[in-house]
Structure formats: structure tokens, C-alpha cells
Amino acid sequence: MAIPTYEALKGILKSIYWKPTITWIIDEVRVMNPFRMEASGKIIPKMKGNKNDMALYNYLRDCRYQVRAHFIFNKNHPECRPDWNEKKHLEISKRMIEKGGRQDIFLGTRECQGYVKPCKFGEGIGFFDNYGDIPFGLMYHGLTYPDEAYSKETQGCITMRMWCPVMHNGVIKFIKPEDCVMTKVICKMQPKTFEMPEEKKEKSRLEVLIYRTFLSTEIKTKCRDKKDYKRRNIVGLLQKLIKTYDVMADKYAGVYIDGMREPLAPVSHALQNAQIEITIDSNGCFIDAAAVPKKEKPNADTCITEICKPYQPCISASLCGTAGIFVWI
């Protein structure tokens, strides 16, 4: 085929960004370069025997297109209704186009690698800008899968669509799938259903943030490279820690919570096992000191809890400058 089909362009957009919540609609395509073909020989291995066959394939050469498309919410998946956020999917789509897509882009077959980048439709000079109308006869439009059904006839089956495109000055305007008159049922098929995650137990947002700071698996995100991962992980974690501690310090600092491995430590503090037990009065004056035997070492959680409650400068200074000291007041 000299021009890309509706289904081929839709597949490229799915490789750029897709979720079951949305359905891509191709509006029009602009052909920028002339139609040039080149032949390439391929060796096809036989399933039986030791000999191979030689085949000759024709490929489009140096093809370039501008595509205009939009997405709509897929009403065949009502379970995805909470994800019907137009601005969210639009911004993600723009970022994915700038990054070149989430998956590999290819035109027609896997060996024909393609690349995408943002552009302004109609910008630049195209080879067919002044060619007038060029009809292409009866052509394949695309397939309607059961999860994108638009009528009773297309439900529970795969339907093939045909149409007669006409290119006007290098631009082909696609008709919508429901406007295709020539259709044929290929086979029966049931749509796939997607289950939305169950609602979590009622927790305040701050409590959830506190819990996630101690689970590294909860804060890891899918990043494109190691530098991006480190940047997102460190910056995002520090922001959560600062915001969480400022709001919930009086409630959670030094308090052990079920499900956590260790309590929330004060800023610039660390939890350590006590090696020395020191007794001071409320004015910070030294009273007594003794080494703590291994079998009788106090719990680190208890140690940090007792220190955090008064928030006295002398105690904070002694803890920051000395490791492994258990202070009694």
C-alpha cells in the first residue's frame, strides 16, 4: 500500500501511549514525501527440510507523514470510568510524543523501524501539495475489536472495515469506523475486562506518606535510566519526608506504629542501639553513667522516644554529637 491505513496509524499511536480507558481516532494524515519503492531479498526458512526459499519484498522508501488525531473515552469499559481524566491523558500523550513513544515504532512490519516527534499539522512543504485529488480505490480501513464496538453488529466479534480513500493535495481525511459501509465479520471474540484496584483501607494521606517512606518498594517508579530514577527517588522522597514530619511530628515522631519496622525519627537524628546509659536532670546536669550490657540493652525505639518528647536543646546536641547513648531524664 502506498499510503498508511487507518489501523496502521492507530497502532503507532498505541505504541506512543495507550490505556484501555481511551480509544484513538485518526482524523487525517498528510503525505510529505513522494512514493518510492525498493526491492529487498529475504531468505525464508522452510518448516520442513533443510533448504530455504528466496523471496523478494517491496518496501516504501524514505516515507514521512504528518498525522492529526484525538482520543475519546472508551465506553465499552465502564469499569475504567474513574480514569476518565481528559487533561491527564492529554499531557501524558504530549510527553510520550516528545520522548519518541513508550514502545518501539514501526511501519507495517517489524523490520521497518519508525520514529515520531511533535509537529504542527500542515507545516512545511509536501510533495503532493498541488497534486489535486488522487483516488486509491477500495482499500483496507481497519479492524473493529469487541472492546471498541460501536453497534450491536460489532459486539462480540472482530469486524473488518473497507473504504475508498481520496487524497486531496497530499491530505487524506479518514472517516470514522462507524461510518464505514463495507464491513465483514471475521470471527467471534469476547472483550477483555479490566478490574480497577480495590479501595484501600481508610487512612489519612499523611499516614500513608509516613508508611511509604519506610518501604523502598513503594516509592520506586519506572524511569527511563538510572540517573532519572535517582533524581526522582531522592527529590520525591525528601519532599515527602519534610512535609510529613512538619505536620505529623507531634503525633508520630518517636512513636512505634504497627506495620513499620522503625518509628519516625526527628530531623537530623538516627536510630541506633544504646551502648551507654546516662542519667541527667531536667536542667541537663550530669548525674550518672554506666555501660549497658548486651543482654540488657534498651530498645532503640524506646531510646529515641524518650529523647524526642522534651525537645530540649541540650539533649538534641548530645544525641547528634554522640552515637549509641541512651539518655534518661
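Colleague: Let's start with a ring: is Phe 128 buried or exposed?
Modeller: This is a predicted model, where local features need pLDDT of at least 70 and side-chain atom pairs count only at pLDDT 80 or more, while totals for chains, interfaces and linings use all residues. Residues are numbered from 1 along each chain as its sequence is written, and side-chain values use heavy atoms, with hydrogens and water left out. Buried means under 20% relative accessible area, exposed over 50% and partly exposed in between (1.4 Å probe, protein chains only). Phe 128 has a relative accessible area of 5%, so Phe 128 is buried.

Colleague: How are the planes of Trp 24 and Phe 71 arranged?
Modeller: Rings of Phe, Tyr and Trp (its six-membered ring) pair if their centres lie within 6.5 Å; planes under 30 degrees apart count as stacked, over 60 as edge-to-face and the rest as tilted. Trp 24 sits in strand E1 (residues 22-31) and Phe 71 in strand E4 (residues 65-73), 47 residues apart; strands are DSSP runs of E with at least two residues, helices are runs of H or I with at least four, and both are numbered from the N terminus. Trp 24 and Phe 71 are both buried. Their centres are 5.7 Å apart with 80° between the planes, which makes the pair edge-to-face.

Colleague: And which kind of pair do Phe 35 and Phe 128 form?
Modeller: Phe 35 is partly exposed, at 30% relative accessible area. Ring pairs put Phe 35 and Phe 128 in a cluster with Phe 127, Tyr 131 and Phe 136. The centres of Phe 35 and Phe 128 are 4.9 Å apart and the planes at 35°, so the pair is tilted.

Colleague: Which element gives the largest share of the largest nonpolar core?
Modeller: A nonpolar core is a set of buried Ala, Val, Leu, Ile, Met, Phe, Trp, Tyr and Cys residues joined through side-chain atoms within 4.5 Å. This one has 23 residues, and Ile 26 and Phe 174 are among those with the most contacts inside it. Helix H1 (6-16), E1 and helix H2 (86-99) each give two or more residues. The largest share, six residues, comes from E1.

Colleague: Which strands stand at the edges of the open sheet?
Modeller: Two strands pair if DSSP finds at least two bridges between them. The order here is E8-E9-E12, with antiparallel pairing. Each edge strand has a single partner, so one side of each is left without a neighbour in the sheet: these are E8 (139-144) and E12 (182-188).

Colleague: Which residue in E12 stands opposite Thr 159?
Modeller: Strand E9 (residues 157-163) pairs with E12 in the antiparallel sense over six bridges. Opposite Thr 159 stands Val 185.
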